[in-house]
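Student: Could you take me through this model one chain at a time? I would like to begin with the overall figures and then turn to individual residues.

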Amino acid sequence: MARVLILGATSDIAKALANEYAQHGYDLYLATRQSDRLDPDIKDISIRYQVNVKAFEFDATAFETHASFYNELDPQPDGVICVFGYLGDQKKGEKMFSEAHKIIDVNHTGAISILEKIAADFEHQKRGFIIGISSVAGDRGRQSNYLYGSAKAGFSAYLSGLRNRLFKSGIHVLTVKPGFVATKMTASLKLPPFLTAQPDTTAKAIYKAHIKKKDVLYVTGIWWWIMTFIRYIPEPIFKRLGL
Amino acid sequence: MKTTNWNNYPHTDATIIDASNDEALSNILSRTTSCIPRGLGRCYGDASLQSHILSTDRLNRFLSFEPITGTLTCEAGVSFAEILTFFVPRGWFPPVTPGTKFITVGGAIASDIHGKNHHRAGTFCEHIESITLKLSNGQISQCSLSENKELFHATCGGMGLTGLILQATFKLTPIESAYIKEEVIKAKDIDEIMDLFEASAPFPYSVAWIDCLAKGKQLGRSIMMRGGHARLENCKGLKNPFLLRPTKPINIPFFLPDALFNKWTIKSFNALYYHKKRTISKLMLVDYDTFFYPLDRIYHWNRMYGKRGFIQYQFVLPKPSSCEGIKKILNKIGQEGKGSFLAVLKLFGKANQNVLSFPMEGYTLALDFPLTDDIFDFLDRLDTIVLDYGGRIYLTKDARMKDTLFSKTYTNLSRFLTIKKEWDKAGKFQSMQSKRLGIL
C-alpha cells in the first residue's frame with residue numbers, strides 16, 4: 001500500500017488532499033502542530049476509505065527537529081505533499097520584522113529544511129514524489145502581499161531546481177500554484193467566485209496532475225492566463241499600478 | 001446572507017455561524033441573540049430560519065463504526081447521501097430514510113423523520129442510541145433512553161429547539177444488495193388504495209402516489225409502490241449487487257415561470273402518469289436511488305414552481321377517521337381547482353414517545369401547492385378539516401400554520417415547553433417557526 005506524508009495537515013486544502021489520496025487507496029501520515037486536533041479527522045478518513053491514518057507532531061519552523069521527525073517515520077512514505085503556509089499580515093510585516101521573518105520562515109525556510117531531508121532519502125532510494133503547494137502570489141511581487149509573495153517565489157524557485165536535480169533519479173516534483181481557494185485562511189477576504197476554487201476541486205486537480213506527472217499546476221487553469229499577463233506587464237508600468 | 005429553505009418561502013436575511021467553530025459558537029451562545037441550527041435546508045418552510053443560523057455544514061465527520069452491529073457515530077452535519085455512498089457498498093442502509101438523501105443526521109433527528117417503512121420501523125429517532133447536544137449554557141450533554149430521557153424525547157422531533165445536536169449514534173440496517181424488489185399496483189379509488197395499504201403491512205416499504213384532481217368515482221385513484229431490499233438470490237445477473245448503474249443528473253438551471261402549474265397542466269400530467277402504467281400490477285428490481293429518491297436526480301427541482309416558491313402541506317389523520325377525512329380534503333381540492341403534482345399517501349404505524357413527533361397511526365397525505373395569493377386562505381380551510389378529524393400538520397413542511405391550530409393539535413406542547421425551559425433557560429434556541437407557533 002502506498003503511503004503519503006502530508007505536511008501541515010490542518011488546513012482545508014490539506015484535509016481535502018487527505019480525503020482525495022485516501023480515496024485512491026493511500027495510507028496517510030498527517031503532520032502538524034498539536035496533532036491531537038486531528039483525532040476526529042483521522043477517525044473520519046479511516047471510516048470512509050478504510051485506510052490507515054496516523055498523525056505526527058511537526059512544526060515547520062522547528063528546523064532542528066526535522067531530521068528526527070522524518071527518520072522516525074516507519075515505514076517511510078512513498079511521497080510527500082508540503083501544504084503548510086502562513087499568509088501573515090503584509091502591513092504588520094512592513095512595520096515589524098518578526099512578522100516578516102515568520103512569513104519567510106514558514107513558507108520558505110521551513111519548507112526547504114524538511115524537503116531537503118526527504119529529497120535526499122528519495123534520491124538515495126530512487127523513488128518517490130514531492131508536491132509543493134506554492135502560490136500565484138510568488139509569480140510577481142505586488143505591494144499588497146510581497147512578503148508572502150517573495151517567500152512563495154523562493155519556494156517555487158526551490159521546487160523548480162529540485163525537479164531539475166531529481167529528474168534523473170526518477171522522482172517527480174510537482175509545483176502547485178493555487179489562485180484563490182475558499183478556505184479558513186481566506187475566509188475573511190472577499191474573493192470573486194469565478195476565480196475561486198473549492199478545496200476539494202483543488203485536491204482533485206492536484207491528484208490528477210500528480211498522476212499525469214505535470215511539472216507546474218495552476219488551480220484553476222485561468223490563473224495561468226492571469227499570471228502570464230501580469231508577468232508581462234513592463235516594470236515601468238507595473239510599479240505605478242495599485243495591485 | 002439571504003437564506004431560504006427548499007420551498008423558497010419565506011426568505012430571511014441571516015448571519016451564518018459555522019457550528020464547527022468552537023469560538024464562534026461560544027460567542028453567539030454568550031450573547032443575548034437567539035439562534036437556530038440548520039443543516040442542508042431541505043425543510044419546507046421556516047423551521048430552520050431566523051436572523052442567526054448555526055450551520056452544521058462543516059460538522060460532517062464519521063466518528064466510529066462497528067462493522068459487526070452496524071452502529072455508526074457521526075457528527076450532525078453528515079448527510080444521508082454520504083452515509084449511502086460509504087455504507088451501501090459495505091452492506092448497510094439507513095434504518096429510516098425520507099424521500100431525499102440530501103438531508104443531515106441532525107435535521108433527521110430534529111424532524112423525527114419518517115419514511116416508507118414507518119409502519120414497521122417507526123421513525124428515524126427510534127433507531128437512535130444517543131445524542132450529544134450543545135446546550136444554550138455552553139455545556140455539552142448526552143441524552144438517550146437511559147440518560148436525560150426527557151431531554152432525549154424533546155430533542156427527537158424537537159425542531160432544534162433544545163440545543164445544537166453535535167453527534168449521534170444509531171444502528172444501520174444490514175442489506176444484501178443496493179436494489180429493491182418493487183411491486184407497482186394501480187388502485188382505482190380511495191377505498192381500493194386503503195385496502196391495498198392494509199394488505200401491504202408485511203412489506204418493509206410502501207407508499208402511494210395519488211391523483212388529487214380525480215373526481216367522483218375515481219376520487220383517490222392511486223399507484224401503490226411497495227417492496228423490500230432485494231436478497232442476493234434476487235440479484236442474479238448483476239456483477240456487483242452493491243453497485244449502481246451510473247445515471248446522469250438533470251438540472252433545472254433557473255426558476256421556471258410561476259404560471260407553469262395550473263389546474264389544467266396538473267390534471268393532464270396526473271392523467272398521463274396514471275395511465276402510463278398499463279398493467280394493474282408489475283414486479284421489478286430497481287436501485288435504491290430510483291425507489292427512494294426519484295426527485296434527487298433532478299437538481300433544483302424546487303425551481304419548477306417558479307420564484308415565488310411553493311408550500312408543501314403534509315397532514316396525518318387518525319386511522320378511524322382517515323378515509324372520510326381524506327375524501328373530504330380531496331373533494332375540497334377538486335372543488336377549488338388546486339392541484340398538486342406530488343401527492344403522496346402513506347399509512348403510518350403507531351406513534352412514539354417523542355414530545356413533538358408528527359406521525360400517529362393513520363394516513364398521511366403530502367401535497368405541493370405553488371405559492372399564489374389565495375393559497376393561504378385555502379390552506380386555512382384545509383386546516384379546519386384536519387382539526388375536525390383529529391389530525392395534525394408536519395412541522396418540517398410547515399411555513400404558515402396558525403399558533404391556535406398548532407396548540408390544539410400538538411397536545412404535548414406544554415410538556416415540551418417545560419423541558420425546553422429546563423435545558424434552554426435563556427431561550428436561546430428559537431426559529432421563525434417557533435416564534436410563529438408560540439413555542440417560547
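**Chain A and chain B**

Tutor: In this predicted model, chain A contains 9 helices and 9 strands. The radius of gyration of chain A is 18 Å, close to the 18 Å that the globule rule gives for 243 residues, so chain A is as compact as a globular protein of that length.

Student: What does the C-alpha trace of chain A span along its principal axes?

Tutor: The span is about 55 × 35 × 35 Å.

Student: And how many of the residues of chain A count as buried, in per cent?

Tutor: Of the 243 residues in chain A, 52% count as buried. The accessible surface of this chain is about 11,700 Å², and carbon and sulfur atoms contribute 57% of that area.

Student: What about contacts between residues far along the sequence in chain A?

Tutor: Taking contacts in chain A between residues at least 6 apart in sequence, 71% join residues at least 24 apart.

Student: Where do the charges of chain A stand relative to each other?

Tutor: Chain A has 31 positive and 24 negative charges, and their mean positions are 8 Å apart.

Student: Let us look at one strand. Is β2 of chain A mostly covered or uncovered?

Tutor: Strand β2(A), residues 27-32, is mostly covered, with 6 of its 6 residues buried. D27(A), Y29(A) and A31(A) point one way from the strand, while L28(A), L30(A) and T32(A) point the other way. Residues on both sides are buried.

Student: Which way does β1 run against it, parallel or antiparallel?

Tutor: Strand β1(A), residues 3-7, runs parallel to β2(A), and 5 bridges join the two. In one of these pairings, R3(A) has D27(A) as its bridge partner in β2(A).

Student: Now chain B. How many helices and strands are there?

Tutor: Chain B has 13 helices and 22 strands. Its radius of gyration is 21 Å, which agrees with the value near 22 Å expected of a compact globule with 440 residues. The C-alpha trace of chain B spans about 60 × 55 × 45 Å along its principal axes.

Student: Same points as before, please: burial, surface and contacts?

Tutor: Of the 440 residues in chain B, 59% count as buried. The accessible surface comes to about 18,200 Å², with 55% belonging to carbon and sulfur atoms. Among contacts in chain B with a separation of 6 or more, 75% are between residues 24 or more positions apart.

Student: And the charges of chain B?

Tutor: There are 55 positive and 42 negative side chains in chain B, and the centres of the two sets lie 5 Å apart.

Student: Where is S79(B), and what does it touch?

Tutor: S79(B) sits in the loop between β7 (71-75) and α2 (80-87) of chain B. Leaving out residues up to four places away in sequence, S79(B) touches L40(B), K101(B), I103(B) and T104(B).

Student: Why is S79(B) classed as buried?

Tutor: Because its relative accessible area is 8%, and buried means under 20%.

Student: One more loop. Is G391(B) buried or exposed?

Tutor: G391(B) counts as buried, at 3% relative accessibility. This residue is placed in the loop between α10 (375-388) and β22 (392-393) of chain B.

Student: Which residues is G391(B) in contact with?

Tutor: Apart from neighbours within four places in sequence, G391(B) is in contact with V316(B), L317(B), P318(B), M360(B), V386(B) and T409(B). G391(B) and T409(B) are 18 residues apart in sequence, and their C-alpha atoms are 6.7 Å apart in space.

Conventions. Residues are numbered from 1 along each chain as its sequence is written. Chains are lettered from A and ligands numbered from 1 in the order in which they are written. This is a predicted model: local features need pLDDT of at least 70, side-chain atom pairs count only at pLDDT 80 or more; totals for chains, interfaces and linings use all residues. Side-chain values use heavy atoms; hydrogens and water are left out. Helices (H or I, at least four residues) and strands (E, at least two) are DSSP runs, numbered from the N terminus. The radius of gyration is taken over C-alpha atoms; the globule rule is 2.2 Å times the number of residues to the power 0.38. Buried means under 20% relative accessible area, exposed over 50%, partly exposed in between (1.4 Å probe, protein chains only). Contact means heavy atoms within 4.5 Å. Accessible areas come from the Shrake-Rupley method with a 1.4 Å probe; for residues, only the protein chains shown count as cover. Lys and Arg count as positive and Asp and Glu as negative; His and the chain ends are not counted. The place of a charge is taken as NZ of Lys, CZ of Arg, CG of Asp or CD of Glu. Two strands pair if DSSP finds at least two bridges between them.
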